[in-house]
Amino acid sequence: MTHASHRVALVTGSSRGLGRAIALRLGRDGHAVAVNALQGDVDAAAVVETIRAAGGMADVFLGDVTDEPAVQALTTQITAQLGPVEVLVCNATGPQPDIALTDTGWSEHLDQLRFFVASPVTVGRAVVDGMRDRGWGRIVHIDSEVVDRVPLGRSPYVTAKSAQLGLMRSWAAELAPHGITVNTVGPGFIPVERHAEVAPAVLAEYVAGVPAGHLGSVEDVAHAVSFFVSEEASFITGQRLVVDGGRGVL
């Protein structure tokens, strides 16, 4: 796959987990990567150093991407230091608690919608005008298999991820005439740092339902994002690529 060298890529929530792997991959692809995390994060600098050690370009940009003033400050800083954002990966996430339906109210839904709808809308609006002016842009969402395989006790999360899918499709249709593609990658369950306490028996039960016979890796998701950002994917928009080892076909 070919990638235009030194296009500026903002990966929200990229100090660890899936976001870290995506940032590292885009750095290897030749993009200048804006590594984003919350104020006080101690891991983002290590991601930047890893990208730089491999000969890439990157810098840390701290800020809460669910807060509109913080997003404006963040994108202004990125433009000043690296250049305007040309690739946006909407990856930032927050806690995803198990909550019984009878204990779930609107506030719990808003907590999830804040990350998976409000944040992409806020960050997207901050960068899309520049993308339209340049006639080129890539926006990639990270959603989840829960859109298709609904877990119990997660209705706010499932609702927000489903809304994110609708957001992606709407933006894809409206932005396609301006040379901007909008797609989403839907991972199956891929353990990252925040899943450290998941019991081995739970992992084994999940793997038993994966035709590939094993869990996916963060790099599997990063590869899919890299494809959507590439020049080869310039005529692909409004699509959802599920990375789940075949689990969704069962």
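## A walk through the helices and strands

At 33% relative accessibility, valine 242 counts as partly exposed. That's our way into this structure, which is a predicted model. Valine 242 belongs to strand β7, made of residues 240–243. Look across from there to valine 185: the two are 57 residues apart along the chain, yet their C-alpha atoms are separated by 5.9 Å.

Another pair of this kind starts in helix α5, where you'll find arginine 169. Its partner is glutamine 239, 70 residues away in sequence but 7.6 Å away in space, going from C-alpha to C-alpha. Arginine 169 is partly exposed too, as its relative accessible area comes to 48%.

Since we're in α5 already, let's see how this helix meets α4. Helix α4 covers residues 106–134 and helix α5 covers residues 155–175; their axes come within 7 Å and cross at roughly 20°. Angles under 35 degrees count as roughly parallel, so α4 is roughly parallel to α5. As for handedness, this crossing is right-handed. On the α4 side, the contact uses Glu108, His109, Gln112, Leu113, Phe116, Val117, Pro120, Val121, Gly124, Arg125, Val128 and Arg132. On the α5 side, you can pick out Ser155, Pro156, Tyr157, Thr159, Ala160, Lys161, Ala163, Gln164, Leu167, Trp171 and Leu175. Sort the residues of this contact by character and you get 13 nonpolar, six polar and four charged.

Helix α4 has another partner, α3, which runs over residues 68–81. Here the axes are 10 Å apart and the packing angle is about 35°. The crossing of α3 past α4 is right-handed. From α3 come Glu68, Val71, Gln72 and Thr75, and from α4 come Thr122, Val123, Ala126 and Val127. That contact splits into four nonpolar residues, three polar and one charged.

Now head over to α1 and α7. Helix α7 takes in residues 218–229, and it packs with α1 at an angle of about 50°, the axes being 8 Å apart. What does that angle make of the pair? The two helices are oblique to each other. α1 goes past α7 in a right-handed crossing. In α1, the residues taking part are Gly17, Leu18, Ala21, Ile22, Arg25 and Leu26. They meet Val218, Glu219, Val221, Ala222, His223, Val225, Ser226 and Val229 in α7. Nine residues of this contact are nonpolar, three are polar and two are charged.

Just before α7, have a look at the loop that joins it to α6 (200–207), because that's where glycine 213 sits. Glycine 213 has 46% relative accessibility, so it counts as partly exposed. Its C-alpha atom is separated by 9.7 Å from that of arginine 247, with their positions 34 residues apart along the chain.

Next up is α2, the helix of residues 44–53, whose buried residues are Ala44, Val47, Val48 and Ile51. How are they arranged around the helix? Looking down the axis of α2, you'd see the buried residues fall within an arc of 100°, so they line one face of the helix. What do they pack against? Their neighbours are α1 (17–28), β2 (32–37) and β3 (57–62). After α2 comes glycine 55, with a positive phi near 95°.

Strand β3 gives us a last stop, since aspartate 59 is found there. Leaving out residues up to four places away in sequence, aspartate 59 touches Val33, Ala34, Val35, Val48, Arg52 and Gln81. Val48 should ring a bell: it's one of the buried residues of α2. Is aspartate 59 buried or partly exposed? Its relative accessible area is 23%, which makes it partly exposed; buried would mean under 20%. Finally, aspartate 59 and glycine 13 are 46 residues apart along the chain, and their C-alpha atoms are separated by 13 Å.

Technical notes
Residues are numbered from 1 along each chain as its sequence is written. This is a predicted model: local features need pLDDT of at least 70, side-chain atom pairs count only at pLDDT 80 or more; totals for chains, interfaces and linings use all residues. Side-chain values use heavy atoms; hydrogens and water are left out. Axes are lines fitted to C-alpha atoms, for helices over the stretch in contact, and angles run from 0 to 180 degrees between N-to-C directions. Helices (H or I, at least four residues) and strands (E, at least two) are DSSP runs, numbered from the N terminus. Angles under 35 degrees count as roughly parallel, over 145 as roughly antiparallel, 65 to 115 as roughly perpendicular and the rest as oblique. A crossing is left-handed if the near helix is turned anticlockwise from the far one by less than a right angle, and right-handed if clockwise. Contact means heavy atoms within 4.5 Å. Ala, Val, Leu, Ile, Met, Phe, Trp, Tyr, Cys and Pro count as nonpolar, Asp, Glu, Lys and Arg as charged, and the others, Gly among them, as polar. Buried means under 20% relative accessible area, exposed over 50%, partly exposed in between (1.4 Å probe, protein chains only). The arc is that of the directions from the helix axis to the C-beta atoms.
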